[in-house]
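Me: Please take me through the reasoning behind the descriptive terms applied to this model. I should like each one set against its definition.

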Amino acid sequence: MKNWVKVAALHEIPALGARVVRSNHIDIGVFRLEDNRIFAINNSCPHKGGPLSEGIVYGDKIACPLHSWKISLVDGKADEPDVGQTACFNTKVEDGFVYLELKD
Amino acid sequence: MKLVVVGNGMAGMRTVEELLKIAPELYDITVFGDEPYPNYNRIMLSPVLANEQTIDDIILNTREWYAEHHITLHTSARINRIDRKSRVVYAEDGTSAEYDRLLLATGSKPFIPSIPGKDLEGVLGYRDIKDTNDMIAAAKIYRHAVVVGGGLLGLEAANGLSIQGMDVTVIHRNEWLLEKQLDKTAGIMLQKSLEAKGLKFHLSTNTEKIIGDESGRVKGVYFKEGFELPADLLVLAVGIRPNFALAESAGIHCDKGVVVNDTMQTFDPRVYAVGECVAHRGISYGLVAPLFEMAKVCANHLANYGIGLYKGSVTSTKLKVTGIDLFSAGDFTGDEETEEIVLHDSVGGVYKKLIIKNDKIVGGVLYGDTTDGSWYFQMLRDGKPIHEIRDHLMFGPSAIGDTGHQGQSQASLMTNEMEVCGCNGVCKGTIVKAIQDQGLFTIDDVKKQTKAGSSCGSCVGLVEQILASTLGGGYAPPSTSKAVCGCTEKNHEEVRAEIRTHKYLNIPDAMRGIGWSTPNGCATCRPALNYYLLSTWPHEAKDDPQSRFINERVHANIQKDGTYSVIPRMYGGVTTPDQLRKIADVADKYAVPMVKVTGGQRIDLLGVKKEDLVNMWSDLDMPSGYAYGKSIRTVKTCVGSEFCRFGTQNSTQMGIDIEKAFDHMWAPHKVKFAVSGCPRNCAESGIKDVGIIGVDSGWEIYVGGNGGIKTEAAQFLCKVKTHDEVLEYSGAFIQVYREEARYLDRTVHWIERVGLEYVKQRILEDAEGRKDAYERLLYALQDAVDPWAERVKNREKYKEFEIIAI
């Protein structure tokens, strides 16, 4: 079952920035790239649980603010040689609003 | 497109690896190698011969790796013809392959002098796995080995054969060993210690002919000096030559090597060449570091990126000959125009010689203690004037104050279990194993794979020593290219200059104008660019919060659990009962888990949730303490003349005035001040970026101190009389640092690079320039707003602090 939730207007998420969405005690980082693509991942670095939303966005990656692991926003995987992956969520933008697909 | 690589060795495959990193889909790749093995680590042949490693250990790319990357690999296939017209290469075994781009990486081959008898059985060069296996096999049956050539390769062969149980004699034409790397003194020291290990030497000796027995195997060797030696195995190690016969036969221009330009392109635009087979600006390299630099440049051009030039390498040699540490670089002989500084302890087995010309190191030899080799080499390449440190140059950079690795400064004295990197808990054994198993060659590789040295960086020197002693002759220090990061070829100074010349005022314009290779940089270059823009064009350049590290974006210090710490300003470390009450109330209201006094005399509220920050600032109603930024942090003060019975000056007031004058100041890194009221120096001015000490007749100003990773005592800059002069001189100093240091340089690093004399010239000798610099600082700080008050006032503009609940 599709479970799309409206989270924010696109302009409320800065380009090359992020916002935190809190649902059922899970924080999801919602990221906006320079070309306005939106990605959402579990807001926890596979390394030591750092809040990825607070990192620096570049290309389609995020550098974790705690120890600079580089995590792909596309598939949640850590850049080699680091090993780890964080969960990804589907997103879409409609009429200027960002939607997030929650898992059941 | 089709890429064919001729040569399945370290240079060729490194180029392929670099290419796969940046353009994995661009080519169908076919690799030809004339050996029956996949790419292996040629440097590690000596450890194999010395029974320290096996062939399997030294394979760099397994056959599975080639398959995984869809690379067609032909082993035991020697290419003997290139048809450049139809763009096909042909191998001896009949295999052929078409190419759009061809990469030649045919390496080098041992130079075999034309001595009668050189083709006898049992006469070998020393170059590949086959030679190594032949030597190991011979050592099982035979007794007498003669190695012709007392260079690096010859000594490694001799050492290995001796460990394999043979009786080994080394023949060398020169008066002393390793004359290309060592001067006579060091050469003789080396010979003595090798003799103590059982090797025999005949120097100034020339081979006349090799004689064989009836079966055609070597049995002895005659010398021009009129004597002979028995030999069941004879290793010819008199040098290597670039292997360019294939290129030459295809009509590609060669001159003692395949001639390439700075993009590694040969005279045929479709054909590139890298590695030992190349002659670049007339030079062929036999060390691994230059090969890797070439590989990077070549891959970039093969990927059609078209940026990056190889401009040649300055090389140094750090050798491990049977556990004896040697280092040499540049001109280590000298002439009538050079000076030398020598330290020679023949009993302790230590010899150091540096050659100086025009106040710069131009070369040197270290024997027995090579700890400081990379430090000297860095100065050599940077062309750094040495007169300021000449008196203690021989003793290396002071190791005093290094923390985090048990006071060790010599990796060779450490056991495998000892911790090298105190930040990430990495032991020596782990690093050695990673270098051997994963085929690592550079500090960056080691940092990436093991994490050692990747956090605070204090152990990088040790890591480098471990890398050097594990790789032996294959190690060469990293290039000095100080590119800001992988997104640009430009170094920090070039980027700053372009920002000034072209008046770039925002990051996208700067990246476009300067030629960034990535669309929006990375987490390394964006904060640097942002700082350079703001410091060059205050009030005009646009600050980009997304290019700031989180702490500076939210004006609080992120902690391990994602909470923040809040430290309000208390100018000069002076507070009031009212402030303390307010802080206590706020701590109660927000259930702050820890309240702590900081090293900089402030109060730290730890464990605050991001969404509480703005409310807390509002309740505190105190300015931000900037304890989170590359900015002015604190001015630490002692009690001073107001209360202290020893105080000569009012240090607290001076501290408060400095902190107010320079409040809100961003810098390349954090900036700490201290003011003490007398030479007892209770505010610890000696380890601050700017340390001020009150004396009866005025104020002394010290600069470039640091109490962090490596404790550095501040150096005396000048003495001034008045309060206003303290502000002007220290402000001008900080402004020049702000305008000229590299991002993330503390003042100590900057001074180390430019020299204290330069700083004195700018601040003391050039009075006009000092006043201007001070004015520029005051202008930059004009109308600065407190970031906490601003966010309290305009909450709706700072959505970042709100969590979206769903």
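**Terms and their grounds**

Me: Why is Asp95(A) called exposed?

Reply: Asp95(A) has 6 other C-beta atoms within 10 Å and is therefore exposed (12 or fewer such atoms count as exposed, 20 or more as buried, and values in between as partly exposed, with C-beta atoms placed from the backbone). The model is predicted: local features require pLDDT of at least 70 and side-chain atom pairs pLDDT 80 or more, while totals for chains, interfaces and linings use all residues. Residues are numbered from 1 along each chain as its sequence is written, chains are lettered from A and ligands numbered from 1 in the order in which they are written.

Me: How do you know that His555(B) is buried, and what makes Thr442(B) partly exposed?

Reply: His555(B) has 23 other C-beta atoms within 10 Å, so it is buried. Thr442(B) has 19 other C-beta atoms within 10 Å, so it is partly exposed. Thr442(B) lies in the loop between helix 10 (428-438) and helix 11 (443-450) of chain B (helices are DSSP runs of H or I with at least four residues, strands are runs of E with at least two, both numbered from the N terminus).

Me: What makes the backbone at Asp95(A), His555(B) and Pro81(A) noteworthy?

Reply: Most residues other than glycine have a negative phi, and most peptide bonds are trans. Asp95(A), which is not a glycine, has a positive phi of about 50°, and it sits in the loop between strand 9 (91-94) and strand 10 (97-101) of chain A. His555(B), likewise not a glycine, has a positive phi of about 55°; its place is the loop between helix 16 (550-554) and strand 28 (557-558) of chain B. The bond joining Glu80(A) and Pro81(A) is cis, with omega about 5°, and Pro81(A) belongs to the loop between strand 7 (70-72) and strand 8 of chain A.

Me: How do you know whether chain A agrees with a compact globule?

Reply: For 104 residues, a compact globule would have a radius of gyration near 13 Å, and chain A has 13 Å, so the two agree (the radius is taken over C-alpha atoms, and the rule is 2.2 Å times the number of residues to the power 0.38). The C-alpha trace of chain A spans about 40 × 30 × 20 Å along its principal axes. Chain A has 0 helices and 10 strands, and 41% of its 104 residues are buried.

Me: What makes strand 2 of chain A and strand 37 of chain B a pair, and which strands stand at the edges of their sheet?

Reply: Strand 2 (17-23) of chain A and strand 37 (residues 804-805) of chain B run parallel and are joined by 2 bridges (strands pair if DSSP finds at least two bridges between them). Val21(A) stands opposite Ile804(B), and Arg22(A) opposite Ala805(B). The resulting open sheet has 5 strands in the order 8(A)-4(A)-3(A)-2(A)-37(B), with mixed pairing. Strand 8 (88-89) of chain A and strand 37 of chain B each have a single partner strand, so they stand at the edges, with one side of each lacking a neighbour in the sheet.

Me: How many residues bring chain A and chain B into contact?

Reply: 26 residues of chain A are in contact with 19 residues of chain B (contact requires C-beta atoms, placed from the backbone, to lie within 7 Å). Strand 2 of chain A gives the largest share of the side of chain A that touches chain B, 6 residues. That side divides into 15 nonpolar, 6 polar and 5 charged residues (Ala, Val, Leu, Ile, Met, Phe, Trp, Tyr, Cys and Pro are nonpolar; Asp, Glu, Lys and Arg are charged; the others, Gly among them, are polar).

Me: Which term describes the angle between helix 20 and helix 23 of chain B, and why?

Reply: The axes of helix 20 (residues 723-740) and helix 23 (residues 767-781) of chain B come within 8 Å and cross at roughly 75° (axes are lines fitted to C-alpha atoms, for helices over the stretch in contact, and angles between N-to-C directions run from 0 to 180 degrees). The two helices are therefore roughly perpendicular (65 to 115 degrees; under 35 is roughly parallel, over 145 roughly antiparallel, the rest oblique). Residues making the contact include Tyr729(B) and Ile734(B) of helix 20 and Tyr774(B) and Leu777(B) of helix 23.

Me: What makes strand 22 of chain B mostly covered?

Reply: In strand 22 (residues 324-330) of chain B, 6 of the 7 residues are buried. Strand 22 pairs with strand 25 (residues 360-367) of chain B in the antiparallel sense over 5 bridges, with Phe327(B) partnered by Leu366(B).

Definitions and conventions:
Two residues are in contact if their C-beta atoms, placed from the backbone, lie within 7 Å.
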